[in-house]
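Thanks for coming, everyone. I have one structure to show today. Please take a look at it first.

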Amino acid sequence: MRKGLSLIEIILYVALLGLLLVAVVNLTLTIATVYAKARVVRAVNQQAVAGMERMVREIRLAHGIDNAASTFGTHPGVIELDTIVSPTDTTVTTRRFLLSGSILALEEGLSPAVALTNRVDVTNLVFHDIDTGASGRRAVRIEMTATAGQGKLQTTQTFYETAVLRGSY
């Protein structure tokens with residue numbers, strides 16, 4: 001009776017162990033890639049949605065739009081809103097949404113621009129002035145494309161929103 005393993009048995013065991021290790025490493029790399037892609041998608045969604053919500057909220061609260069200072073229908077769009085400081089402070093001010101490089105920014109009154117996005121690049125920002133057909137009513141449609149990540153992990157998403165100025169109805 002023989003004791004121990006033959007050379008063929010050792011080669012088979014090493015080959016099986018090698019295949020198992022390759023499968024485990026491949027699975028680990030796939031999971032890491034999917035996780036990294038999910039983080040990039042989440043960053044685009046969080047940053048772009050937060051920026052869109054801020055613009056929509058300010059447009060809805062505005063009393064008017066300064067057409068001369070706004071750029072409609074083209075990238076990079078700019079919208080300057082005539083509004084008040086806050087519900088408790090009725091001092092008239094302006095809020096201006098624009099791109100500073102590839103960052104969505106807000107200028108309030110004469111204050112310097114404040115970034116509304118920081119981990120994504122806004123590659124398209126277009127404001128459309130909508131004629132509602134009703135006397136004095138104004139609406140704005142916003143189109144914004146945001147990009148984050150590099151190479152295979154790069155994600156680009158386009159967001160759309162429409163807001164009616166409260167002072168127009």
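I will go through the long helix, then the salt bridges, then a few single residues. Keep in mind that this is a predicted model.

Start with helix 1. It runs over residues 7–61, which is 55 residues. From first C-alpha to last, helix 1 reaches 81 Å. That is close to the 81 Å expected at 1.5 Å a residue.

Which residues of helix 1 are buried? The list is Val40, Ala43, Val44, Gln47, Ala48, Gly51, Met52, Met55, Val56, Glu58 and Ile59. And what do these buried residues pack against? Strands. They pack against strand 2 (79–86), strand 3 (89–100) and strand 4 (103–108), and also against strand 6 (121–131), strand 7 (138–148) and strand 8 (155–164).

Now the surface. There is a nonpolar patch of about 640 Å². Leu5, Ile10, Tyr13, Val14, Leu16 and Leu19 make it. Leu5 sits in the segment before helix 1. Is Leu5 buried or exposed? Exposed, because its relative accessibility is 53% and the cut-off for exposed is over 50%.

Next, charges. Side chains of opposite charge can pair when their charged atoms come close. The count here comes to 6 salt bridges. I will take three of them.

One is inside the helix. Glu58 and Arg54 meet through their side chains, 3.2 Å from N to O. Both lie in helix 1, 4 residues apart, about one turn of the helix. Glu58 is buried, with a relative accessible area of 6%. Arg54 is partly exposed, at 23%.

Another is Arg95 with Glu108. Their side chains form a salt bridge at 2.8 Å, N to O. This pair links distant parts of the chain: Arg95 is in strand 3, Glu108 is in strand 4, and they are 13 residues apart. Is Arg95 buried or exposed? Buried, because its relative accessible area is 6% and buried means under 20%. Glu108 is partly exposed, at 28%.

Then Glu107 with Arg96. The closest N and O atoms of this salt bridge are 3.4 Å apart. Glu107 lies in strand 4 and Arg96 in strand 3, so the pair ties together parts that are 11 residues apart in sequence. Glu107 counts as partly exposed, at 22% relative accessibility. Arg96 is partly exposed too, with a relative accessible area of 25%.

Do not leave the charges yet. Salt bridges that share partners join Arg54, Glu58, Arg95 and Glu108 into one network.

Let me stay with Arg95. What does it touch, leaving aside neighbours within four places in sequence? From helix 1, it contacts Glu58. The other contacts of Arg95 are Ile79, Glu80, Leu81, Thr83, Ile84, Val85, Leu106, Glu107 and Glu108.

Now a buried loop residue. Where is Thr117? In the loop between strand 5 (114–115) and strand 6. Thr117 is buried, with a relative accessible area of 1%. Its side chain reaches the backbone nitrogen of Leu104 at 3.1 Å. Not counting residues up to four places away in sequence, Thr117 touches Gln47, Ile103, Leu104 and Val122. Gln47 came up before: it is one of the buried residues of helix 1.

A second loop residue is Val78. It is found between strand 1 (64–65) and strand 2. Val78 is buried, with a relative accessible area of 11%. What is in contact with it, beyond neighbours within four places in sequence? Ala69, Ser70, Thr71, Arg96, Phe97, Leu98 and Phe127. Note Arg96 there, the salt-bridge partner of Glu107. For a distance, take Val78 and Arg57: 21 residues apart in sequence and 16 Å apart in space, C-alpha to C-alpha.

Last residue: Asp131, in strand 6. Buried or exposed? Asp131 is exposed, with a relative accessible area of 67%. How far is its C-alpha from that of Glu53? The two C-alpha atoms are separated by 22 Å, and the residues are 78 apart along the chain.

To recap. Helix 1 has 55 residues, and its buried residues pack against strands, including strand 3 and strand 4. Arg95 and Glu108 link those two strands, within a network that also holds Arg54 and Glu58. That is it from me.

How values were computed: Residues numbered from 1 in each chain as written. Predicted model: local features only at pLDDT ≥ 70, side-chain atom pairs only at ≥ 80, totals over all residues. Heavy atoms only, no water. Expected span 1.5 Å × (residues − 1). Buried < 20%, exposed > 50% of the residue type's maximum accessible area, 1.4 Å probe, protein only. Contact = heavy atoms within 4.5 Å. Patch = residues over 30% accessible without salt bridge, like charges linked within 9 Å, V, L, I, M, F, W, Y side chains within 5 Å. Areas by Shrake-Rupley, 256 points an atom, 1.4 Å probe, with all protein chains shown as cover. Salt bridge = Lys/Arg side-chain N within 4 Å of Asp/Glu carboxyl O. Polar contact = N/O pair within 3.5 Å; in protein donor to acceptor, adjacent residues only side chain to side chain.
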